[in-house]
Amino acid sequence: MDLRIYSDYKELSKEAAKLIMNVVNANPTGLLCLAAGHTPVGIYKCLVDFAREGKVDFSRCKFVSLDEWVGLGMQDEGSCIKFMHDNLFNPLGILESNIAFFNGQASDLELECKRIDEFVFKNGPIDVVLLGIGINGHIGFNEPGSAFDAYSHVAILDEITKEVGKKYFPVQRQLEKGLTLGIKHFLEARNVILVASGAGKAEIIKKTVESPPDTSLPATALKLHNNFYLLLDKEAASLL
Ligand code: GLP
């Protein structure tokens with residue numbers, strides 16, 4: 001585990017963006033899996049700036065979805081697909097043909113998971129996975145108890161995830177399930193970056209750093225990866 005602590009969110013975002021940029025510059029046709037959520041917003045701003053400055057070109061990269069709320073789609077504020085389009089894909093001008101995203105409104109969710117798995121097997125391995133962490137230790141929608149050897153699957157959302165997830169939605173949502181890449185995808189990726197910011201993440205970061213790999217805390221699975229970067233700002237690292 002490569003643990004790096006930065007003075008603030010701005011520096012954390014810039015350094016995480018640089019890591020991703022370096023991966024893309026080494027393989028401009030690579031496959032990327034980038035998380036939705038509040039933590040990576042600053043990273044995506046930096047990536048868009050880097051692209052506009054001509055430092056990196058994402059036009060030949062492929063993008064695979066990390067996770068999605070079951071029932072939500074592009075038209076829904078708070079869906080992961082809308083978030084990624086608003087914050088990254090549209091500002092970068094990424095072609096839809098280079099994006100494979102979970103359809104949270106698919107009629108057959110198992111088949112939808114298979115579709116995304118097949119996309120990863122065909123275009124992978126994933127060059128870089130960028131993850132956030134839930135305060136219950138989830139990564140994507142791999143909730144506590146998720147198997148380390150699972151690929152994409154339908155997840156029953158943890159009570160904490162449902163409660164915290166309210167922050168993404170302007171209107172109250174009844175969300176029970178998610179679609180997510182599995183931990184096995186992360187372990188088979190070339191690089192994995194987990195970012196956490198703010199005092200609210202300090203407790204779960206302390207547990208993640210101190211605990212051996214254990215399914216009760218999904219983020220600890222990443223310690224099994226040889227190229228695992230844990231990037232924190234000072235507040236998220238304050239209990240270490
Ligand atoms: C959400 C998502 C994750 C995200 C994590 C942290 O519920 N399922 O993909 O990375 O929780 O989110 P945030 O960055 O908003 O704290």
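These legends describe close-up views of a predicted model.

**View 1. The ligand and its shell.** Which residues are closest to the ligand? They are His38, Thr39, Lys167, Tyr168 and Lys201. In total, 14 residues surround the ligand. By class, this shell holds five nonpolar, six polar and three charged residues.

**View 2. Polar contacts to ligand oxygen atoms.** Thr39 and Asp67 reach the ligand through their side chains, Gly132 through its backbone. For Thr39, a side-chain N or O atom is 2.5 Å from an oxygen atom of the ligand. Thr39 is also among the closest residues of the shell. For Asp67, the distance from a polar side-chain atom to a ligand oxygen is 2.8 Å. For Gly132, a backbone N or O atom lies 3.4 Å from an oxygen atom of the ligand. Taken alone, the ligand has 390 Å² of accessible area, and the protein covers 94% of that.

**View 3. The largest pocket.** Where does the ligand sit? The ligand occupies the largest pocket. This pocket holds about 650 Å³ of space. Its lining counts 35 residues, and those closest to the pocket centre are Ala36, Gly37, His38, Lys167 and Tyr168. His38, Lys167 and Tyr168 are also listed among the residues closest to the ligand.

**View 4. Elements around the largest pocket.** Three elements each give two or more residues to the lining: strand E4 (67-69), helix H3 (80-92) and helix H5 (159-165). Which of them gives the largest share? Helix H3 does, with five residues. The lining as a whole divides into 14 nonpolar, 15 polar and six charged residues.

**View 5. The second largest pocket.** Its volume is about 160 Å³. The lining includes Trp69, Phe169 and Leu175. Charged side chains are present too, among them Glu159, Lys162, Glu163, Lys166, Arg173 and Glu176. Gly165, Gln172 and Gln174 also line this pocket. By class, that makes three nonpolar, three polar and six charged residues. Helix H5 supplies the largest share of this lining, four residues. Helix H5 also contributes two or more residues to the lining of the largest pocket.

**View 6. A cis peptide bond before Pro125.** Most peptide bonds are trans. Is the bond from Gly124 to Pro125 cis or trans? That bond is cis, with omega near 5°. Where does Pro125 lie? Pro125 is in the loop that runs between helix H4 (109-123) and strand E6 (128-131).

Methods: Residues numbered from 1 in each chain as written. Predicted model: local features only at pLDDT ≥ 70, side-chain atom pairs only at ≥ 80, totals over all residues. Heavy atoms only, no water. Near = heavy atom within 4 Å. Polar contact = N/O pair within 3.5 Å; in protein donor to acceptor, adjacent residues only side chain to side chain. Areas by Shrake-Rupley, 256 points an atom, 1.4 Å probe, with all protein chains shown as cover. 1 Å grid on protein atoms, 1.4 Å probe; cavity = no way out; pocket = protein on both sides within 12 Å on 5 of 7 lines; lining within 4 Å. Sits in = over half its atoms within 2 Å of the grid points. Points joined across faces, edges and corners; volume = space filled by probe spheres on them.
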